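Visitor: I've got a model to look through with you. Can you take me through the reasoning behind its labels?

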Amino acid sequence: MKKSIARATLGVIALSLTTLASAQVKPEDQIRYRQAGYSFMSWNMGKIKTNLEGSYNKDQVIAAANAIAGIANSGMGALYGPGTDKAIGNVKTRVKPEFFTDGDNVGKIARDFNAAANELAKVAASGDAAAVKTAFGEVGKNCKACHDKYRQED
């Protein structure tokens with residue numbers, strides 16, 4: 001019982017510190033950080049695609065899939081704080097305002113993306129290129145679901 005209370009207390013403290021740390025990140029930096037995360041995921045998606053279309057290197061695919069899953073599970077939702085719904089100075093964003101009001105749908109899309117990213121990492125470890133191709137398609141489908149609904153074109 002004491003261990004459960006201690007774990008719960010540590011969890012609350014960790015959550016509070018994480019929330020406090022997120023609150024201290026300026027809105028323009030939140031936009032920059034989330035864009036960097038998405039750019040890094042995109043680069044890793046490209047590496048997987050290249051492997052699926054050419055000579056398949058299991059280690060490269062595993063590394064790329066793990067990077068995507070790592071970012072997907074990193075808590076990037078904290079980078080959509082107040083004031084990040086529009087450009088700040090020279091820091092632009094393409095997120096539509098609806099992203100900030102459609103919480104249930106955004107949450108579902110995020111959960112689906114995380115699940116697909118985790119599955120891709122799991123399947124990549126098997127080395128089965130056909131299974132990776134299927135899982136890769138699911139990740140792409142989930143990226144597209146968010147982009148289609150919540151990303152403005154240039």
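Guide: Happy to. Keep in mind that this is a predicted model. Let's begin with two helices: the crossing of α2 and α5 is left-handed. Their axes come within 11 Å and cross at roughly 145 degrees.

Visitor: Which residues make that contact?

Guide: From α2 there are Met45, Ile48, Lys49 and Leu52, and from α5 Ala129, Val132, Lys133, Phe136, Val139 and Gly140. By type, that gives seven nonpolar, one polar and two charged.

Visitor: What is Ile48 in contact with, leaving aside its neighbours within four places in sequence?

Guide: Val61, Ala64, Ala65, Ile68, Leu120, Val132 and Phe136. Ile48 also ranks among the residues with the most contacts inside the largest nonpolar core, which has 23 residues. Helices α2, α3, α4 and α5 each give two or more residues to this core.

Visitor: On to the rings. Why is Phe99 called buried?

Guide: Its relative accessible area is 12%, and buried means under 20%, so Phe99 qualifies.

Visitor: And why does Phe100 count as partly exposed?

Guide: Phe100 has 30% relative accessibility. That falls between the 20% and 50% cut-offs, so partly exposed is the label.

Visitor: Why is the pair of Phe99 and Tyr150 edge-to-face?

Guide: The ring centres are 5.6 Å apart, and pairing needs them within 6.5 Å. The planes sit at 85 degrees, and over 60 counts as edge-to-face, so the name fits.

Visitor: What does that pair tie together?

Guide: Parts that are 51 residues apart in sequence, because Phe99 lies in the loop between α3 and α4 while Tyr150 is in helix α5. Ring pairs link Phe99 and Tyr150 with Tyr80 and Phe100 into a cluster.

Notes
Residues are numbered from 1 along each chain as its sequence is written. This is a predicted model: local features need pLDDT of at least 70, side-chain atom pairs count only at pLDDT 80 or more; totals for chains, interfaces and linings use all residues. Side-chain values use heavy atoms; hydrogens and water are left out. A nonpolar core is a set of buried Ala, Val, Leu, Ile, Met, Phe, Trp, Tyr and Cys residues joined through side-chain atoms within 4.5 Å. Buried means under 20% relative accessible area, exposed over 50%, partly exposed in between (1.4 Å probe, protein chains only). Helices (H or I, at least four residues) and strands (E, at least two) are DSSP runs, numbered from the N terminus. Contact means heavy atoms within 4.5 Å. Axes are lines fitted to C-alpha atoms, for helices over the stretch in contact, and angles run from 0 to 180 degrees between N-to-C directions. A crossing is left-handed if the near helix is turned anticlockwise from the far one by less than a right angle, and right-handed if clockwise. Ala, Val, Leu, Ile, Met, Phe, Trp, Tyr, Cys and Pro count as nonpolar, Asp, Glu, Lys and Arg as charged, and the others, Gly among them, as polar. Rings of Phe, Tyr and Trp (its six-membered ring) pair if their centres lie within 6.5 Å; planes under 30 degrees apart count as stacked, over 60 as edge-to-face and the rest as tilted.
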